[in-house]
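Trainee: Could we go through this model together, with the enclosed spaces taken before the charged pairs?

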Amino acid sequence: MTFPPAAPPPSPAPADGMDWLDPACRLVQGGQSHDRTALLERARDLAGRLRPTARVAAVAATPLAVAVALLAARLLDAELFLMRGTAVPTGVDAVVDADGGVTRPGGAVPGGPPGFALVLESSGTTGTPKRLRHAFDRLAARIQGGRGRGSVWLATFDPGGYAGLQVLLTVLRGGGTLVADDASDVPALADLAQRHAVTHISATPSFWRAFLLTGKTPPLKAVTLGGEATDQSLLDRLAAAFPNAAVRHIYASTEAGALFAVTDGRAGFPAAWLKTGVEGTDLAVRDGVLWVRGPRLATALAGGRLPTDADGWYGTGDRVEVVGDRVLFRGREDGVVNVGGVKVIPDEVEALIQAVPGIADAAVRVRASPITGQLLTAQVVAVPDQDPEALRPRVAAALAGLPAAARPRRLEFVTQLELSPSGKKKRVQE
């Protein structure tokens, strides 16, 4: 069943600290619609069961669970830990489970950091996840209240991650509708988007490559990419598939916050920004790595401070290269692997495979090897009606210029790639 966009109620928002929550915001999950009033009722009930508390942890199982926990923490002026797994953070006064039940672990530290803030986990795509503290004002700084009324968003990201939270806040503050379900794969989500006439989707490039294969064409007005480096071919394909949509890619991370958006239809970002900055953020390249300094960085890292230098610059770990008037992303610094003494960047190998005509997507992974220490493997998705066996020599030819260590030892054709809950390709060792 499709729910039409709700009209904003005429009455003003109550003075309960929720004036940022737009009257027209709405969350549709599992076929049930929750407007502003319903969300606040749930949040007030939860806040009543949580009192007193300075720190609360919540299992971020669904967008609805995150929304209610977020609003309850705001009502309590408490710090909220969004749990993406089962490990309960130390020092919390209460834990909210996926069904809204509350437990109180022993040994919580009284008091703590004052005021409403959120602690998020990084995705851990290439390593161990980190917990980072964000002031709410910083998280919502780029979101304009009331500007999203009439928009219908699709939930594609892990609701407890930075990107998923940004989409949720965009709806809550902007006044749009967020459509969510238990759909676990891209084809099911594409069907959901079609049925609900979704107008806005923010997702990873890996998600978008799989989405294009479904052939679904919801009436999109905005196509947003984030979480992974994107390439020119994908941007061009999205612009052709959705001619009425504005296509942009966002650079953001749990550590650095939402830094900037690129809207000119080109991969990377303008090299001029290294001199001028963008959206209040300063950018620099040091030894091939992007460094940033700005107002939306996380305020703290669990167990210490965010590792910035003396002037407030933070090393993102993203490898970049200045090519003409553009800065292009080349992969993660912590993603570089050693194969028999040769340093290899899996992202670069992956990009070469993706550029082969007839290839829809590819994922290069790392396996342990008793001989070389590590080696590469690749999973490849062919464009429909393409013969995988005919594509093998094309892939081999595309990789021929690489050192032997950088060529995947195994090339497996699959119908779809396995993505992490954050929508990214898994890079950890198999």
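The questions and answers that follow concern a predicted model.

Trainee: How many cavities of 30 Å³ or more does a search of the whole structure find, and what is the volume of the largest cavity?

Mentor: The search over the whole structure returns 1 cavity at or above that threshold. Its lining includes Pro63, Val66, Phe157 and Leu178. The volume of the largest cavity comes to about 90 Å³.

Trainee: Which element gives the largest share of the lining of the largest cavity?

Mentor: Two elements, α2 (63–76) and α4 (162–174), each give two or more residues to that lining. By class the lining holds 9 nonpolar and 3 polar residues, with no charged residue present. The largest share, 3 residues, belongs to α4.

Trainee: Is α2 mostly covered or mostly open, and how many of its residues are buried?

Mentor: Helix α2 has 14 residues and reaches 20 Å from its first C-alpha to its last, close to the 20 Å expected at 1.5 Å a residue. Among its buried residues are Pro63 and Val66, and both of these also line the largest cavity. The helix is followed by Asp77, with a positive phi near 55°. Helix α2 is mostly covered, and the number of buried residues is 12 of 14.

Trainee: Turning to the second largest pocket, which element gives the most to its lining?

Mentor: This pocket holds about 810 Å³ of space, and of the 39 residues that line it, Thr156, Ala183, Ser184, Asp185 and Leu189 are the closest to its centre. Its lining divides into 20 nonpolar, 12 polar and 7 charged residues. The elements that give two or more residues are α5 (186–195) and α6 (205–214), and the one that gives the most, with 5 residues, is α6.

Trainee: With which residue does Asp158 form a salt bridge, and why does the pair tie together parts that are 74 residues apart in sequence?

Mentor: Asp158 lies in the loop between β9 (152–154) and α4, whereas its partner lies in the loop between β4 (79–83) and β5 (94–96), so the pair ties together parts 74 residues apart in sequence. At 12% relative accessibility Asp158 falls under the 20% limit and therefore counts as buried, while the partner, at 24%, is partly exposed. The closest N and O atoms are 2.7 Å apart, and the partner is Arg84.

Trainee: Which residues are joined with Arg209 into one network by salt bridges that share partners?

Mentor: Arg209 forms a salt bridge with Asp231, the closest N and O atoms being 2.5 Å apart. Arg209 lies in helix α6 and Asp231 in the loop between β12 (222–225) and α7 (232–241), so this pair ties together parts 22 residues apart in sequence. Arg209 counts as buried at 5% relative accessibility, whereas Asp231, at 24%, is partly exposed. The residues joined with Arg209 into one network are Asp231, Glu350, Asp361 and Lys425.

Trainee: Is Gly331 buried or exposed, and what is its relative accessible area?

Mentor: Gly331 lies in strand β20 (residues 326–332). Not counting residues up to four places away in sequence, Gly331 touches Gly317, Asp318, Arg319, Ile345 and Asp347. Gly331 is buried, and its relative accessible area is 11%.

Conventions
Residues are numbered from 1 along each chain as its sequence is written. This is a predicted model: local features need pLDDT of at least 70, side-chain atom pairs count only at pLDDT 80 or more; totals for chains, interfaces and linings use all residues. Side-chain values use heavy atoms; hydrogens and water are left out. On a 1 Å grid over the protein atoms alone, a cavity is a set of points where a 1.4 Å probe fits but cannot get out, and a pocket is an open set with protein on both sides within 12 Å along at least five of seven lines; lining residues have an atom within 4 Å of a point. Grid points are joined across faces, edges and corners, and a volume is the space filled by probe spheres set on the points. Helices (H or I, at least four residues) and strands (E, at least two) are DSSP runs, numbered from the N terminus. Ala, Val, Leu, Ile, Met, Phe, Trp, Tyr, Cys and Pro count as nonpolar, Asp, Glu, Lys and Arg as charged, and the others, Gly among them, as polar. Buried means under 20% relative accessible area, exposed over 50%, partly exposed in between (1.4 Å probe, protein chains only). Contact means heavy atoms within 4.5 Å. The expected span of a helix is 1.5 Å times one less than its number of residues. A salt bridge is a side-chain nitrogen of Lys or Arg within 4 Å of a carboxyl oxygen of Asp or Glu.
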